[in-house]
Every structure is written in structure tokens, then in C-alpha cells.
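Reader: I am a first-year student and I would like a close look at a single part of this model. Please start from one residue at the surface and then work inwards, explaining each term as it comes up.

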Amino acid sequence: MAIPAALPGADVASGVTSPSQAIAKGGWYALVLVALTNAMSLLDRQILAILAPAIKQDLAIGDAEMGLLYGTVFALFYAVFSLPVGRLADGWTRTRLLGISLVLWSAATGLAGLASSFALLALSRLGVGIGEAATQPAGTSLLYDYWPKQRRGFVMAVMAAAIALGLGGSLILGGVAAQAWTAHWAGGTAPFGLKGWQFAFLVAAVPGFVLAAFLWTMPEPVRGAIDGMPTQPEANPFRASLGLLGGVTPGFHWIAMARRRARPAAIAFNLAALAAIAGSMRVLVWLCQGLSPRPPMALGPVTIDAHVLQWSVIGLGLFVLVNLMQRMRAADAQAFRVIAGSSTLTMAIAVGTLQSTINYGMMAFNPSFLIKTYHLSMKDAALQFGMLSVAMGIVGPLLWGPLADALHRRLPSSGRALVALFTMGVSPILSFWTYLAPDAPTFYWHFALYSFVLTGWMPPLYAIMYDQVLPRMRGVTSSLYLLTMTILGMGIGPYAVGLLSDATGNLTHAMLSMNVVAVPIVVLMLLIARRSARDEALLIARATV
């Protein structure tokens, strides 16, 4: 059965054939390169966490402002730009897109090495967010055209292991480089007046340029062929990508709505959503100002309240999400039917978002927690915690991913969902056992078990999510997930921990408070276990209505 395109000139599947059961030629090489790209992405993103104490001291800022840098400032541009690059990943050469992105975010990471103010550091994080936006949409789409469906749990396990490598590597590289530089120049003036944390950013920027060259020369597979849905190349992928950016960017999206002659009801809904979001964000600003007042921050010639910046960014991201779904419904009805018609996909995005609130809230402050609670040096925290994070983050997913695949073969309707349910339901309990440990050695061996269990959620959940859409929609699905997860997960988790830490003076309790969202996670995963197979079976029906 041929799958009709949504619009003239859109990607067109040439016909449905039998899916391949074998890994395509070059699949292992592609997996290694894309995994390293993910590792570099997390290294450049996470290095801020280990450098936070030194940055706070030099720039005279608090935990709430660090949460803004780690999560909110990065999150907005990462999320918004994931939409056009996700659309570009669905129609252009993904290997080249990844190579260009690596160069961009590596240069932005290097810019942080020159930062001497909150504003310039925020600009660097903004650039890293824009550059890294292509990593997941293009990388996932690319690998799914090399690896057959029954092996994708393993693929996502490797991606999760690569993330752990980047997270742990950022702690080791950042902490060791910063402290070594500071110690070396303790008795004199460092070249160009560089601080240790600035030198660490410069070192972290270098490997990305080398990896970009390998990605640029990697061959591009036939899109959808391994799933039996070979897809013709798109004629104008850049036009479609820019059109999507204009269609979701607040302000410009009204021009786009006028050009496509949007119905009055659609315009009224858009304005009502804007009013509701603005009102909600204003209430949140008021609540947070009362809970933890912060001094105004200087962003160049402008000063702004940290809470106003935080919730303005979150509100803007939510409005972009509204614009995205309205534009998709009007411009690509097939994609809208496939994505919006799957309750499993909607719930999986919600679960990933809630879990990311916990994960990013904890990750942003883990080094600060170790240094403050157990009185470790930056170097000791970096080496000890970094090595442990790498080890458990690699071992865990590589065991959980194949286990999820095996259970999926035995229980196609719920195998993967049960693995994710177990890991996300048990890990919050283990976190209290871990973060209330009396000393650093006890914390580390508790964390080993906690981390091992926690690493099991991503491979099965991602495999469930991407099996709910057609091959040509994986990039935009990834972008939709990233937008939601980044704005509401990464954008709120670190800020919430920093806010509660500043308000209560207890970083440990602030971090553990994030586990409250585990309750809706468990409920949603139970529903996914019941519905995922049924929604996947209806995929072609949703696409051909």
C-alpha cells in the first residue's frame, strides 16, 4: 500500500515492502560516530555543572542564576532550533547537518572561555543550544535507517551510554583542567588573565572540530529503506525548514497564518493560548519572587529579574509549541494525524519530560552537592564522581537496552514499557537512600546502584516513541519531543532546584524534592504498557485516512 504525501512536493514513500532484518552496511561505523556526537553534546552542555562553584565566585551569582545558565537560557534556543533542524533532518543530508552543528556548538563552547560576565556566558550557552539542536533529530533519524526495528533498543542503549560518557567526561575534563590550570598559575598571572574554568571551556571545545570532519564524509543511507518504506529525496528541504521556523517563531507566525489564510477559529485559539500562557507565567513570577527574591541581573545594558527571565523563556517555549502543532495541522496533515493520533506518543513525550525534570535538576547540582556536603575539592569530585558516572552510565544502558528488546520480542504489547516503568518507579526511592548518605564513600556505592537502575528508562521509552511514526516523521517527532522536554524538563528542573536551594539554604532537600513528579510518571507508564502495541498497529491507518 502506498502512503500518500501530505502536500505536493513533500517526501513521498515509493511503496511499502518487507522490512529488513539485517543491519545495513556501515551501521556500526555510523553508530560509533553518532554516539560520539551525543557524548560531545553532553560534554559541552554539562561541563558547566562542575565549574559552577568557581563561576559563582568569580561572577558573584547564586544557584538560581546558575540554574538559568544550565537550563533555561540553553533550553529555549536548543528547543526552538531543534524544530527547523529536525525538519531539515527529514529532508537533507543528515551527516552534513551533524558536522555543521558540531562546528557551531564547539565554537560557542570556546566562547565561554573568553567570558568575564554573566551576559557573555549566557550568549555562549545560547550558541551551544542552537548548535546542539540537530544532534538528536538528525542522529536518531540517521541510525534508524541503518538499524532494523528489532535492534533499536540496543541502538538507544548505546546512545544513552554515550550520554553518560559525555556527562562523566565533562566532570573529569572540566574539573581536572580547571584545577590544574589554577594550580599551575597560582604564583603568577595566567596568560590573558584566564581563570581555570575559562581554560576548561577552551579545552572542551577542541574535540568537536575533529569529529565534525569524520561526520562530513560519512555516507548517507536511503531514508526508510530498512523499514520497507523507501522515501524519495525532498526537493526543497531548506525552504521547508525555514518555513517551519517562521511558522512557529512568535510574531512571525502570525504572518505565516495570514499567508496560509488561517481560519478565524485558529487565530482566536492562538490568541487565547497566548493570553493563558502569559497569565500563568505572571502568576509563577509572583510566586517565585515571594519564595526567593533575587537581585536584578545585568544582561549588557539591560537589568532583569531572574524570575522574570525564567518564566518569560518558559512561556515563550510553550507558545512555540502551540504554534508548532497548529502549523503542522495546517501544513502537514498526515504528520499531525500520525503524531497527535497516538496517545502512546503523547504520553511518552510527557513521561520523558517529567523524568528530565528530575534528571537535569539533579545533574546540574551533583558536583556542587558533593563539594558542599562532603567537602571534596573540585578535582576529587570530578575524578571520583565522573569515573563512577561514566562506568554506570555505560554499563546500565547496554544491559537495559537488550533486555528491553528481548522482553519486547516475548511481550510485544508491553515488554519495553515494563522495563521503563520499573526503572523510573524504583529510582526515586533509591535517590533518597543515596543523597542522604553520611559520607562520600557511602554515597558513591549507593549512587552506583541508583545510577544503574536510573539508566534503564531511556532506551525502551525512545524505542516506543519512534515506532509510533513513519520514517519521514522521525526528525520532526524528535524535535517535538525535544521542544517539550527541554522547555519543561531542562528549563524547569535546574531552576527549581536552584530556587529551592536559595530559599531554604538546603541543596540536598531541594534536589530530592524533584522526585515528586515520579507519581504521574508511573501512572502514565502503566497506560503506555496497555496501549503502545495497539497504537503502533494503527500507524498506517492514521497515515492514510
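Author: R261 counts as exposed, because its relative accessibility is 74%; the cut-offs are over 50% for exposed, under 20% for buried, and in between for partly exposed, with a 1.4 Å probe and protein chains only as cover. What you see is a predicted model, in which local features need pLDDT of at least 70, side-chain atom pairs count only at pLDDT 80 or more, and totals for chains, interfaces and linings use all residues. Residues are numbered from 1 along each chain as its sequence is written, and side-chain values use heavy atoms, with hydrogens and water left out.

R261 sits in the loop between α9 (252-259) and α10 (264-291). The helix names come from DSSP runs: a helix is a run of H or I with at least four residues, a strand a run of E with at least two, and both are numbered from the N terminus. The backbone of R261 has a phi near 55°, which is positive although the residue is not a glycine. Most residues other than glycine have a negative phi.

H375 can be set beside it. Its phi is also positive, about 55°, and H375 is not a glycine. H375 lies in the loop between α14 (366-374) and α15 (378-410). With a relative accessible area of 70%, H375 is exposed.

Two residues are partly exposed. E220, at 29% relative accessibility, falls into that class, and its place is the loop between α7 (196-217) and α8 (237-248). Not counting neighbours within four places in sequence, E220 is in contact (heavy atoms within 4.5 Å) with W92, T93, R94, T95 and L142. From E220 to A533 there are 313 residues in sequence and 30 Å in space, C-alpha to C-alpha. The other is D502, partly exposed with a relative accessible area of 27%. D502 belongs to helix α20 (residues 493-504). The C-alpha atoms of D502 and I61 are separated by 11 Å, while the two positions lie 441 residues apart along the chain.

Now the buried side. L421 is part of helix α16 (residues 415-435) and is buried, with a relative accessible area of 16%. Leaving out neighbours within four places, L421 touches V522, M525 and L526. L421 and L524 are 9.0 Å apart, C-alpha to C-alpha, and 103 residues apart in sequence.

G401, in helix α15, counts as buried because its relative accessibility is 0%. Beyond four places in sequence, G401 is in contact with G153, F154, A157 and P459. P459 is one of the buried residues of α18. Helix α18 (residues 458-466) is mostly covered: nine of its nine residues are buried.

M525, which L421 touches, also leads to the nonpolar core. Such a core is a set of buried Ala, Val, Leu, Ile, Met, Phe, Trp, Tyr and Cys residues joined through side-chain atoms within 4.5 Å. The largest one has 168 residues, and I55, F443 and M525 have the most contacts inside it. Helix α1 (residues 27-59) gives the most to this core, 18 residues. Apart from neighbours within four places, F443 is in contact with F369, L370, Y374, F385, T434, Y435 and A437. In soluble globular proteins, nonpolar side chains tend to be buried together.

The last step is the whole chain. The protein chain has 23 helices and two strands, and buried residues make up 60% of its 545 residues. Of the contacts between residues at least 6 apart in sequence, 83% join residues at least 24 apart. The C-alpha trace spans about 70 × 50 × 45 Å along its principal axes. The radius of gyration is 23 Å, which agrees with the value near 24 Å for a compact globule of 545 residues; this radius is taken over C-alpha atoms, and the globule rule is 2.2 Å times the number of residues to the power 0.38. The accessible surface comes to about 20500 Å², of which 71% belongs to carbon and sulfur atoms; the areas come from the Shrake-Rupley method with a 1.4 Å probe, and for residues only the protein chains shown count as cover.
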